[in-house]
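Biologist: I should like to go through this protein with you and to hear the reasoning behind each term you use. Please begin once the structure is in view.

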Amino acid sequence: AQRLTSLRRQVSETLSLFRLKEEQLQLVKARMRSGLDAGLRSKSSSTIKMLPSFVYLTPDGTERGKYLALDLGGTNFRALLVRFKKQTSRLYHKIYTIPLEIMQGTGEELFDHLAQCVCDFLDYMGLKNTRLPAGFTFSFPCEQSAIDTGTLVAWTKGFKATDSEGHDVVSMLREAIKRRNDIDLDIVALINDTVGTMMSCAHEDQRCEIGMIAGTGTNLCYMEELKNIEKIEQRMCINTEWGGLGDDGCLDDIITLYDTEVDQNSINQGKQRFEKMTSGMYLGEVVRQVLLDLTRRGLLFKGHVSETLKTPGIFETKYLSQIESDRLALLQVRSILQQLGLHGTCHDSIIVKHVCLVVSRRAAQLCGAGMAAVVDKIRENRGLDHLDIAVGVDGSLYKLHPHFSQVLKETVRVMAPQCDVTFQPSEEGSGKGAALIAAVARRKR
Ligand code: ADP
């Protein structure tokens, strides 16, 4: 019995590394706030880039016509046709996978592949001979100098195509299309997915001035007063790229050895430390690192370190959602683990479930602390005691995980008591949002 108590204590001590205290979350909020402010003052010295999007307007409902939306975000490339008619919009889309060798090949190959997908889509829709205005949703940090121009700052989320960083990605797509000689596009806007998400929700709800993604990666945009950037009384949407928080070491007091391991095994070491604790591409890996350590210490799976457990990527974030589901009995958790090749007792299943719970809860709380910093900043910007605001949200982690959205909301409620924040899951954010931005951009030309 004494041995059992000691084992329990050791597991519990490991899990407690992920249980953030209120003071720690307050520190994360404060650091996020400093990062946002520093990024607005000077991009080069801040880990949070605060990139201008050149999106000033929210849609006004007068958007009409047909637009193409091209969306390269994380796992897939999507081509969409969006048709606005009176107050409604219709969407047609096709999904294309990006093979790993293309994600990590040359930039020219990647953009040729995208152009090939666009051509296939236009062919499929019977639109090959029309020149449609297109919005290009490209969800990686880009330094924009206009609505339709932006240089890639750095790849994130598993992409590593060569000869792309430092180049204008709109030109790269235009050139790839020109090389083919069989299609024509009028690319009018370069869009981050957060901005698309915000726009699509703003179409329904005027209070929506924040866009957030919790999917493969994590990111947020919001409407900033231009007087904080230039001396103009207007608002521009800023893509924060908040996933970079901690790249200067400011989160080292909460980063665990498991997070460090995940970072070390990634293709962008030392970068996107906040993202690596909060998003779909990494949460499963954080869990796997904890399980690996507990097993090596003889606290799990009878101390048997299987080949499966040593395989990177085997524990996808969707399994956290399944395992943490309140509807699932312990035997079902055990059977999921067995399907993964992790054979253990029911007691092992309890431990695995606890690991998943603390890792995903920490992720949602960290995003909540970050969100609290953003809404308080907006509230102060506007000199208000109370702010009522809506956030458009997209991403599988937000939409499919059983607790993430609830914990996020609760954390924001506690940490930003002067703000009333409504979360709205976006419908087709990157598609409809991109088309709306393209419509607004074209109106202004
Ligand atoms: P994007 O690549 O545009 O962000 P998604 O929002 O679909 O696309 O996010 C994909 C990420 O979500 C992947 O990293 C995947 O691990 C994770 N994911 C997929 N299904 C689930 C799920 N059921 N629960 C939690 N995360 C999931």
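Biologist: What makes the radius of gyration of the protein agree with that of a compact globule?

Modeller: I should say at the outset that this is a predicted model. A compact globule of 445 residues would have a radius of gyration near 22 Å, and the protein has 22 Å, so the value agrees with the rule. The C-alpha trace spans about 75 × 50 × 40 Å along its principal axes.

Biologist: How many helices and strands does the secondary structure hold, and what share of the residues counts as buried?

Modeller: There are 15 helices and 13 strands. Of the 445 residues, 50% count as buried. Among contacts with a separation of 6 or more, 72% join residues that are 24 or more positions apart.

Biologist: Why is Val169 called buried?

Modeller: The cut-off is 20 or more other C-beta atoms within 10 Å. Val169 has 24 other C-beta atoms within 10 Å, and therefore it is buried. This residue is found in helix H5, residues 169–180. Apart from its neighbours within four places in sequence, Val169 is in contact with Phe138, Cys142, Gly150, Leu152 and Leu190.

Biologist: Which residues is Asp259 in contact with, leaving aside its neighbours within four places in sequence, and why does Asp259 count as buried?

Modeller: The contacts of Asp259 are Lys276, Met277 and Val286. Asp259 has 24 C-beta neighbours inside 10 Å, so it counts as buried by the cut-off of 20 or more. Its place is in helix H7, residues 257–264. The C-alpha atoms of Asp259 and Val290 are separated by 9.4 Å, although the two residues are 31 residues apart along the chain.

Biologist: What makes strand E5 largely enclosed by the rest of the structure?

Modeller: Strand E5 covers residues 132–138, and 5 of its 7 residues are buried, which is why it is described as largely enclosed.

Biologist: How do you know that E5 pairs with strand E2 and with strand E8?

Modeller: Pairing requires at least two bridges between two strands. Strand E2 (residues 65–72) is joined to E5 by 5 bridges, and the two run parallel. E5 is joined to strand E8 (residues 185–191) by 6 bridges, again in parallel. Because each count reaches the required two, both are pairs. As examples, Leu72 has Phe138 in E5 as its bridge partner, and Gly135 stands opposite Ala189 in E8.

Biologist: Which strands form the open sheet of 6 strands, and what makes two of them edge strands?

Modeller: The order is E1-E11-E10-E9-E12-E13, with mixed pairing. E1 and strand E13 (419–425) are the edge strands, as each pairs on one side only. E1 is joined to E11 by 2 bridges, and these strands run antiparallel; Leu51 has Asn239 in E11 as its bridge partner.

Biologist: Into which domains is the protein divided, and how many residues of each take part in the contact?

Modeller: Domain 1 comprises 2–52 + 209–425, and domain 2 comprises 65–204 + 428–440. The contact takes 26 residues from domain 1 and 21 residues from domain 2. On the side of domain 1 that touches domain 2, the elements giving two or more residues include strand E9 (208–214) and strand E12 (387–394). By class, that side of domain 1 has 12 nonpolar, 11 polar and 3 charged residues. The C-alpha centres of the two domains lie 27 Å apart.

Biologist: How many residues surround the ligand, and from which domains is the shell drawn?

Modeller: The ligand is surrounded by 16 residues, of which the closest are Gly73, Gly74, Gly215, Gly280 and Ser321. The shell draws at least three residues from each of domain 1 and domain 2. By class, the shell has 3 nonpolar, 11 polar and 2 charged residues. At least two residues of the shell come from each of H9, H10 and H13.

Biologist: What makes helix H10 mostly covered, and what covers its buried residues?

Modeller: Helix H10 runs over residues 317–324, and 6 of its 8 residues are buried. These are Thr317, Tyr319, Leu320, Ser321, Ile323 and Glu324. The cover includes helix H9 (280–296), helix H11 (330–339), helix H12 (346–381) and helix H13 (396–400).

Conventions: Residues are numbered from 1 along each chain as its sequence is written. This is a predicted model: local features need pLDDT of at least 70, side-chain atom pairs count only at pLDDT 80 or more; totals for chains, interfaces and linings use all residues. A residue is buried if 20 or more other C-beta atoms lie within 10 Å of its own, exposed if 12 or fewer, and partly exposed in between; C-beta atoms are placed from the backbone. Helices (H or I, at least four residues) and strands (E, at least two) are DSSP runs, numbered from the N terminus. Two residues are in contact if their C-beta atoms, placed from the backbone, lie within 7 Å. A residue is near a molecule or strand if its C-beta atom, placed from the backbone, lies within 6 Å of it. Ala, Val, Leu, Ile, Met, Phe, Trp, Tyr, Cys and Pro count as nonpolar, Asp, Glu, Lys and Arg as charged, and the others, Gly among them, as polar. Domain bounds come from an automatic or database domain assignment. The radius of gyration is taken over C-alpha atoms; the globule rule is 2.2 Å times the number of residues to the power 0.38.
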